[in-house]
Amino acid sequence: MKKIGVFTSGGDAPGMNACIRAVVRSAAYHQVEVVGIKRGYQGMIDDEFMPLQKSDVANIIQHGGTMLKTARSKDFMTFEGRQKAYNNIVKHGIEGLVCIGGNGTYTGAGLFYQEFGIPSIGAPGTIDNDLYGTDFTIGFDTAVNTALDAIDKIRDTADAHNRVFFIEVMGRDSGFIALNSGISGGAEGILLPEVMNDFETLKLHFSNDQRRAKEFSIIIVAEGETEGNTYQLAEKFKENFPECDLRVTVLGHVQRGGRPTANDRILASFLGNAAVEQLIAGKTNLCVGMVNHKLALVTYKEAIESKKTIDASLWHLSQVLSY
Ligand code: F6P
């Protein structure tokens, strides 16, 4: 393999730049050229390609976002779109791809191989941490720390006013950010899509200890919570505990940006390097991940079809500590 492409796709995540850097530098180490594809699959269709030398990825390891930009491409979902993308890949002499993103990115890459035979390796880049085959995804640790910083700040004002705060954190269908930021932020309650009837459990905790609703409390709600959105849940809570002075804060996209933590930079660098080496070794349709601090590989199919579950012992811990 003489030339490979790299792109980021789907929601950006802090550490994507560190991963791009690792791909470019690892490829250079193995005498392989790299072409950056801007705006993910959309740039592949629109012919937005740029050669990447080692010097092009200098001074990016510390930045959030992605120097290659990203997109959620609707055109790539059509055969015509993928045909255009393939024509451009051939035009630029690209023999393999490193795809940094989430489930949607892996699905596209799998289909692209099936239809056009372009080999690819996926690297898990999403703050949600909802990808099977890796303990952590690139961006998760930074997002948790960003949420934690905000929670600590809200704690101060919650304490000063004796208020109950419902704080929504990201996680479209999963509660990983909520669970980790909730435990580290000392939350009195955590609501996750993975746990049934957690709102009832929360109510029970507060009913058993009536002081709680009058004093300050932090309740973390995952964006994907299925028992209602954060505002609805806060309203329901207020109906049950009218004495509480309640506020809602939605942290939103602040969690997607910022300087990646050391853990995210190391993970992203490790996975970027691993992706290049797998591609050079002739592998395809695999996702690189880290499990127990070691390289782990799963197929796109496994990654897409298997659901990553939350750590039951962490959930138990959260319940014990907030009891
Ligand atoms: O998948 C990452 C994520 O940040 C989710 O937590 C969130 O639901 C979604 O992306 C938001 O997507 P967008 O930036 O397209 O609104």
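A polar contact is a pair of N or O atoms within 3.5 Å; within protein, one atom must be able to donate a hydrogen and the other to accept it, and residues adjacent in sequence count only if both atoms are side-chain atoms. The exercises below concern a predicted model, in which local features need pLDDT of at least 70 and side-chain atom pairs count only at pLDDT 80 or more, while totals for chains, interfaces and linings use all residues. Residues are numbered from 1 along each chain as its sequence is written, and side-chain values use heavy atoms, with hydrogens and water left out.

**Exercise 1. The ligand site**

Determine which residues lie around the ligand, and state how far its oxygen atoms are from N or O atoms of Gly-171, Arg-172 and His-253.

Solution.
- Step 1. A residue is near a molecule or strand if one of its heavy atoms lies within 4 Å of it. The residues around the ligand are Arg-72, Thr-126, Ile-127, Asp-128, Met-170, Gly-171, Arg-172, Glu-223, His-253 and Arg-256.
- Step 2. In the side chain of Arg-172, an N or O atom is 3.4 Å from an oxygen atom of the ligand. For the side chain of His-253, the corresponding distance is 2.8 Å. Gly-171 takes part through a backbone N or O atom, which lies 3.2 Å from a ligand oxygen.
- Step 3. The ligand taken alone exposes 400 Å², of which the protein buries 77% (Shrake-Rupley method with a 1.4 Å probe; for residues, only the protein chains shown count as cover).

**Exercise 2. Thr-126 beside the ligand**

Locate Thr-126, decide whether Thr-126 is buried or exposed, and list its contacts.

Solution.
- Step 1. Helices (H or I, at least four residues) and strands (E, at least two) are DSSP runs, numbered from the N terminus. Thr-126 belongs to the loop between strand 5 (120-124) and helix 5 (140-161).
- Step 2. Buried means under 20% relative accessible area, exposed over 50%, and partly exposed in between (1.4 Å probe, protein chains only). Thr-126 has 13% relative accessibility and therefore counts as buried.
- Step 3. A polar atom of the Thr-126 side chain lies 3.1 Å from the backbone nitrogen of Asp-128.
- Step 4. Contact means heavy atoms within 4.5 Å. With neighbours within four places in sequence left aside, Thr-126 is in contact with Ala-13, Leu-131, Thr-137, Ile-138 and Phe-140.

**Exercise 3. Aromatic rings**

Classify the pair formed by Tyr-41 and Phe-76, and find the aromatic cluster that includes both rings.

Solution.
- Step 1. Rings of Phe, Tyr and Trp (its six-membered ring) pair if their centres lie within 6.5 Å; planes under 30 degrees apart count as stacked, over 60 as edge-to-face and the rest as tilted. The count is 12 aromatic pairs.
- Step 2. The ring centres of Tyr-41 and Phe-76 are 3.9 Å apart and the planes are at 20°, so the pair is stacked.
- Step 3. Tyr-41 is in helix 2 (residues 40-45) and Phe-76 in the loop between strand 3 (49-52) and helix 3 (79-91); the pair links parts of the chain 35 residues apart.
- Step 4. Tyr-41 is buried, at a relative accessible area of 5%, and Phe-76 is buried as well, at 4%.
- Step 5. Phe-7, Tyr-41, Phe-76, Phe-79, Tyr-86, Phe-112 and Phe-116 form one aromatic cluster.

**Exercise 4. Charges over rings and the packing of helix 6**

Identify the ring under the charged end of Lys-308, and establish what the buried residues of helix 6 pack against.

Solution.
- Step 1. A charge sits over a ring if NZ of Lys or CZ of Arg is within 6 Å of the ring centre and within 35 degrees of the ring normal. Lys-308 has its charged end over the ring of Phe-176, 5.4 Å from the centre. Arg-212 sits likewise over the ring of Phe-206, at 5.5 Å from its centre.
- Step 2. Phe-176 is one of the buried residues of helix 6 (residues 176-184), together with Ile-177, Ala-178, Leu-179, Ser-181 and Gly-182.
- Step 3. The buried residues of helix 6 pack against helix 5, strand 6 (164-169), strand 7 (189-191), strand 8 (217-222) and helix 12 (312-322).
- Step 4. In helix 5, Ala-147 is buried, with a relative accessible area of 0%. Not counting residues up to four places away in sequence, Ala-147 touches Val-169, Ser-181, Leu-251 and Gln-255.

**Exercise 5. Positive phi values**

State where Asn-162 and Asn-285 are placed, and give the phi of each.

Solution.
- Step 1. Most residues other than glycine have a negative phi.
- Step 2. Asn-162, in the loop between helix 5 and strand 6, has a positive phi near 55°. Asn-162 is partly exposed, with a relative accessible area of 36%.
- Step 3. Asn-285, in the loop between helix 10 (262-280) and strand 10 (286-291), has a positive phi of about 55°.
- Step 4. Gly-186, just after helix 6, takes a positive phi of about 65°.
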